[in-house]
Amino acid sequence: MAAACALAPAIHAQQRAAETPYKVPRTTDGKPDFQGIWMARNAAAFDVSEIAEGRTIPYLPQALEREAKADRVDPTAHCGMPGVPRITYMPFPFQIMQRPGYVVFLYEYLHNHRVIQTTPREHLDGIDLFLGDSVARYEGDTLVIDVTSLGSRTWLDSARHMHSDQLHVIERYMRTGPDTIQYQATLEDPQTYSKSWKISMPLHRITEPGFELREQECLEGDDGRAIHPPYRPAPKS
Amino acid sequence: MRSALLRVTIVMVLPLLALAVAQTPAPKITPAGAGNLAGEATKIDLEKARTFKPPRTESGQPNLEGIWQPRTSGAAFSILPHSGGFFLGQGSETGIVEGGVLPYQPWAAEQVKNRRDHVELDPTGHCHYEGIPHALYFTFQIFQTPSHIAFVHENMHAWRMVYMTGEHPRDYLAWMGDSRGHWEGNTLVIDVANNNDKSVFDMAGHFHSDQLRVVERYTLQDENTLIWEATLIDPKVFTRPVKMRFPLVRAAKDYAIMESGCFEDERDQAHLKDAAIPANHYKEEHEKEKK
């Protein structure tokens with residue numbers, strides 16, 4: 001037992017060296033640097049199970065039942081904010097800025113933004129937000145963002161994967177190279193899932209010189225409203 | 001946090017009042033960002049601004065970072081002198097326009113009257129981006145780096161990036177325009193071009209064309225006061241350049257920029273009023289459309 005204990009740190013260190021050969025750059029105030037313009041390159045916005053661990057979502061039977069009876073139009077078709085984590089894998093670039101005490105996400109998609117404090121605080125209570133209440137912290141080289149108050153109005157994708165207002169998302173951003181971030185999110189929702197589950201995907205830096213985010217406004221004009229047909233047919237009861 | 005939250009909630013609810021007022025008695029509210037917070041008047045003192053030594057960022061620029069609350073005396077309602085009232089907010093003897101007059105060309109003056117009679121055309125009532133200067137009448141937060149400066153607005157969940165490099169793009173029009181900045185001494189100067197002709201200055205019908213160019217100047221007057229001055233040039237609409245200015249004050253320490261969800265047209269505002277999309281709403285909509 002004592003030998004195992006003595007060996008453990010050495011093995012751990014070796015593993016770490018093998019897993020993280022990339023030396024993460026630091027911001028001027030010494031935090032791991034995630035700044036730049038990034039984008040997911042996958043189709044998770046259409047079906048999140050593509051990036052889910054084991055490619056399955058551990059739905060509770062009652063959640064599937066609830067889902068079958070629910071609205072059939074993707075809230076983003078009404079220019080709604082897509083929620084977290086969906087905003088991260090929308091097929092549009094986003095920019096991360098880090099300032100002392102803050103990490104700021106500026107998304108091209110429908111000009112959403114998240115201004116997140118990195119100083120510890122308690123979550124807000126009794127409010128539903130589309131993009132949730134986010135509190136960030138740094139754990140070594142990882143940026144961890146704890147998100148609650150996400151409400152039940154957003155979908156995880158346009159395939160109508162849903163959640164309740166009990167959803168709790170823990171996002172992790174890890175630099176894996178000069179132009180890559182590994183993104184991981186844990187989703188907990190005791191009213192919807194039988195256990196917590198994870199999604200993970202790489203985020204790619206947009207390296208095109210002079211690339212800038214542009215304005216994306218939704219539904220211009222008085223009746224730009226778009227009702228999209230249901231993407232996924234309702235399960236037969 | 002709680003007080004910040006309350007204020008934010010009020011800001012979120014404000015655009016809905018126009019709809020809600022018909023049925024419900026008007027609650028007594030103080031719109032946080034609209035510049036009519038209780039408290040002593042903030043005066044612009046350009047001499048003080050000239051001599052003030054501003055704090056600096058770690059890269060040496062004057063540090064404008066923080067959450068700023070404009071003092072516009074209800075510019076969102078009218079940028080010209082106006083009396084107060086429920087839909088007009090706090091009255092103002094001066095407005096934010098130098099001289100209190102907008103030099104509209106005759107055809108444009110007719111347009112203003114027409115627009116004033118059709119408040120329903122106001123794009124902010126349809127949850128659109130407000131544009132510059134309109135977005136500045138409400139609380140926003142500045143984040144600075146040497147190469148780019150982000151303005152993150154609470155209202156309409158808008159944001160704009162001011163690039164300290166590059167040029168205005170070609171063939172691009174945007175609600176918030178395209179912003180290129182530089183420092184002149186301790187003043188941040190921003191040239192806003194590529195403005196579309198859809199955003200407006202206020203709810204009183206004051207508008208501009210896609211030829212609008214706004215040159216903004218941000219100068220710290222003291223630690224907690226920021227002066228905004230601008231020159232607006234629009235040869236299609238105005239007969240001469242227009243000057244505007246108003247002060248902004250630093251928000252209380254517990255203030256936080258929060259989510260402001262405003263989407264789409266009035267129909268969705270009604271849904272947001274209930275803080276939820278009613279059950280079977282989409283089903284009913286579909287059925288209506290089938291008929």
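This briefing walks through a predicted model with chains A and B, looking mostly at chain B.

Residues are numbered from 1 along each chain as its sequence is written, while chains are lettered from A and ligands numbered from 1 in the order in which they are written. Because the model is predicted, local features need pLDDT of at least 70 and side-chain atom pairs count only at pLDDT 80 or more, whereas totals for chains, interfaces and linings use all residues. The central feature to look for is a closed barrel of 9 strands in chain B.

**How confident is the model?**
- The model scores ipTM 0.85 and pTM 0.82.
- Chain A has an average pLDDT (the predictor's confidence in each residue, from 0 to 100) of 86, and 84% of its residues score at least 70.
- In chain A, pLDDT stays under 50 over residues 1-6, and the model gives this stretch 0 contacts beyond four places in sequence. Two residues are in contact if their C-beta atoms, placed from the backbone, lie within 7 Å.
- Residues 220-237 of chain A also have a pLDDT below 50, yet this stretch has 27 contacts beyond near neighbours in sequence.
- For chain B the mean pLDDT is 81, and 74% of the residues reach 70 or more.
- Two stretches of chain B to read with care are residues 1-39, where pLDDT stays under 50 and there are 65 contacts beyond four places in sequence, and residues 265-282, where pLDDT stays under 50 and there are 26 such contacts.

**The layout of chain B**
- Chain B holds 5 helices and 9 strands. Helices (H or I, at least four residues) and strands (E, at least two) are DSSP runs, numbered from the N terminus.
- Starting at the N terminus, its elements follow the order α-α-β-α-β-β-β-β-β-β-β-β-α-α.
- Of the 291 residues in chain B, 43% are buried. A residue counts as buried if 20 or more other C-beta atoms lie within 10 Å of its own, exposed if 12 or fewer, and partly exposed in between, with C-beta atoms placed from the backbone.
- Among contacts in chain B with a separation of 6 or more, 59% link residues 24 or more positions apart.
- Helix α3 of chain B covers residues 106-117 and reaches 17 Å from its first C-alpha to its last, close to the 16 Å expected at 1.5 Å a residue. That expected span is 1.5 Å times one less than the number of residues.
- The number of buried residues among the 12 of α3(B) is 0, so this helix lies largely in the open.

**The barrel and its strands**
- The barrel runs β1-β2-β3-β4-β5-β6-β7-β8-β9 in chain B, with mixed pairing. The twist averages 30 degrees from one strand to the next.
- Two strands pair if DSSP finds at least two bridges between them.
- Strands β2 (residues 140-144) and β3 of chain B run antiparallel and are joined by 5 bridges. They form a hairpin with 3 residues between them.
- β3(B) is also joined to β4(B) (residues 159-163) by 5 bridges, again antiparallel. In this hairpin, which has 5 residues between the strands, Met156(B) takes a positive phi near 60 degrees.
- Ile149(B) has partners in both directions: Gln144(B) is its bridge partner, and Val162(B) in β4(B) stands opposite.
- Strands β5 (residues 178-184) and β6 (residues 187-193) of chain B pair in the antiparallel sense over 7 bridges, with Gly181(B) opposite Ile190(B).
- β6(B) and β7(B) run antiparallel with 5 bridges, and 9 bridges join β7(B) to β8(B), also antiparallel.

**Buried places to find**
- Of the 6 residues of β3(B), 5 are buried, so this strand is largely enclosed by the rest of the structure.
- Ala150(B) is in contact with residues of chain A, including Met97(A), Val104(A) and Leu106(A).
- The largest nonpolar core has 102 residues, and Ala150(B), Val104(A) and Leu106(A) are among those that touch the most other members. Such a core is a set of buried Ala, Val, Leu, Ile, Met, Phe, Trp, Tyr and Cys residues joined through C-beta atoms within 7 Å.
- Asn194(B) sits in the loop between β6 and β7 of chain B and is buried, with 20 other C-beta atoms within 10 Å. Its contacts beyond four places in sequence include His168(B), Tyr172(B) and Asp178(B).

How values were computed:
Axes fitted to C-alpha atoms, helices over the stretch in contact; angles between N-to-C directions.
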